[in-house]
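Biologist: I am new to this structure. Please show me how to read its features.

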Amino acid sequence: MSTHNEAIQPLAPAGNHRISDVLFRLRALVALVVLVIVFASLSPAFLSSGNLMILVKHVAINAILAVGMTFVILTGGIDLSVGSIAGLAGIVAGGLINTGLVLPSFGIVIYFQVWLVILLAALAGSGVGALNGWLITKFSVAPFIATLGTMYVARGAALLISNGATFPNLLGKPELHNTGFAWLGSGTILMLPVPIWLMAVVGAAGAFVAARTPFGRRIYAVGGNERAAELSGVRVGRVKLLSYVISGFCSAIVGVIIASQLMSAHPATGETFELNAIAAVVLGGTSLMGGRGGVGGSIAGAFVIGVLADGLVLLGVSQFWQIVIKGVVIVVAVLLDQMQKRFSWRERSS
């Protein structure tokens with residue numbers, strides 16, 4: 001009898017452990033399914049095609065930000081400047097369309113076609129990302145401090161460029177060949193809004209880079225054990241710098257999309273976006289310590305935040321309570337991350 005018990009007892013905890021580990025890894029999808037079921041049962045309008053289209057269009061903003069943030073957090077860093085970069089990119093795009101590039105020394109004003117405007121705005125965001133990476137890798141500044149500083153720099157630059165005002169009516173002029181900006185935020189391809197396609201493209205590209213390329217493997221190596229990665233020949237500084245460039249690029253794309261949707265650019269655009277991006281990444285299972293997680297989970301986390309916000313609005317929950325609930329969800333996500341880390345440690349120790 002005793003022999004039988006000894007043979008059975010070790011198996012049960014191991015099986016439970018595996019189930020718990022799978023649930024932890026898929027917690028964003030589990031939470032998403034639960035939220036959809038709850039809100040669909042409480043509000044018939046939740047699953048309407050119109051509401052779902054608006055929901056996914058809103059989620060696209062956070063999802064694209066979360067893709068860039070995932071690369072940074074996988075290296076063990078953090079990027080607090082994504083919201084300000086989005087605001088700066090929108091202002092750059094709006095300014096280039098409305099007032100053009102003014103060159104006082106030559107007495108000329110250059111107006112660019114829309115695709116060049118978007119490219120320049122993306123370069124501006126990538127440039128701020130490169131500045132983040134340079135400060136962090138060259139001067140060993142803590143990511144929190146470096147990106148906090150550039151958060152203010154980017155926001156201040158947006159205010160300086162626009163003089164604190166809004167660039168309205170970004171329609172462009174046919175004679176200047178800069179019309180068509182609205183298509184990026186409000187156009188459709190195969191009946192789906194362009195931002196949703198952009199989310200799909202950015203998400204697929206991000207997932208491929210993280211999971212299937214040498215650069216992706218180096219990111220995980222740096223986040224898992226930076227010293228070991230360096231001894232293995234990984235150029236840690238370059239990997240970190242590129243991860244911040246990717247984050248800046250994604251943030252700039254978001255800023256341009258928002259400016260296109262609103263047909264105006266305001267320097268305050270993007271405030272608190274960094275919190276949503278970090279929350280989506282953590283909810284998706286990416287460890288704040290780096291080295292564990294993925295882009296797919298971050299996109300699922302963005303959907304969790306979007307469904308939660310949309311459902312609470314449909315139920316008429318106060319905006320103040322929405323903030324409280326979102327904060328609780330983030331805290332729970334961090335606690336689950338810590339629990340998953342303990343499970344992983346016990347698994348390796350056993």
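Modeller: We will take the core, then one helix, then one glycine. Keep in mind that this is a predicted model.

Biologist: Which residues have the most contacts inside the largest nonpolar core?

Modeller: They are Leu170, Phe181, Met199, Val254 and Val256, in a core of 81 residues. Helix H4, residues 49-74, gives the most to this core, with 13 residues.

Biologist: What does Phe181 touch, leaving out residues up to four places away in sequence?

Modeller: Phe181 touches Ala93, Ile97, Val114 and Ile118. Its other contacts are Leu170, Val256, Ala259 and Ser260. Two of these, Leu170 and Val256, are also listed among the residues with the most contacts inside the core.

Biologist: Now a helix. How do I read its sides?

Modeller: Start with the general idea. An α-helix has 3.6 residues a turn, so residues three or four places apart point the same way. Now take helix H10, residues 214-224. Phe215, Gly216, Ile219, Val222 and Gly223 are buried there. These residues lie on the same side of H10, because they cover an arc of only 120 degrees around the axis.

Biologist: Which residues are exposed on the other side of H10?

Modeller: Arg217 and Gly224.

Biologist: What covers the buried residues of H10?

Modeller: The cover includes H4, helix H9 (194-212), helix H11 (226-231) and helix H12 (236-262).

Biologist: Last, the glycine. Where is Gly127 found?

Modeller: Gly127 is in helix H6, residues 114-138.

Biologist: Why is Gly127 called partly exposed?

Modeller: Because its relative accessible area is 37%, and partly exposed runs between the 20% and 50% cut-offs. As for distance, the C-alpha atoms of Gly127 and Val239 are separated by 16 Å. Along the chain, these two are 112 residues apart.

Notes. Residues numbered from 1 in each chain as written. Predicted model: local features only at pLDDT ≥ 70, side-chain atom pairs only at ≥ 80, totals over all residues. Heavy atoms only, no water. Core = buried A, V, L, I, M, F, W, Y, C linked by side-chain atoms within 4.5 Å. Buried < 20%, exposed > 50% of the residue type's maximum accessible area, 1.4 Å probe, protein only. Helix = DSSP H or I, 4+ residues; strand = E, 2+ residues; numbered from the N terminus. Contact = heavy atoms within 4.5 Å. Arc of directions from axis to C-beta.
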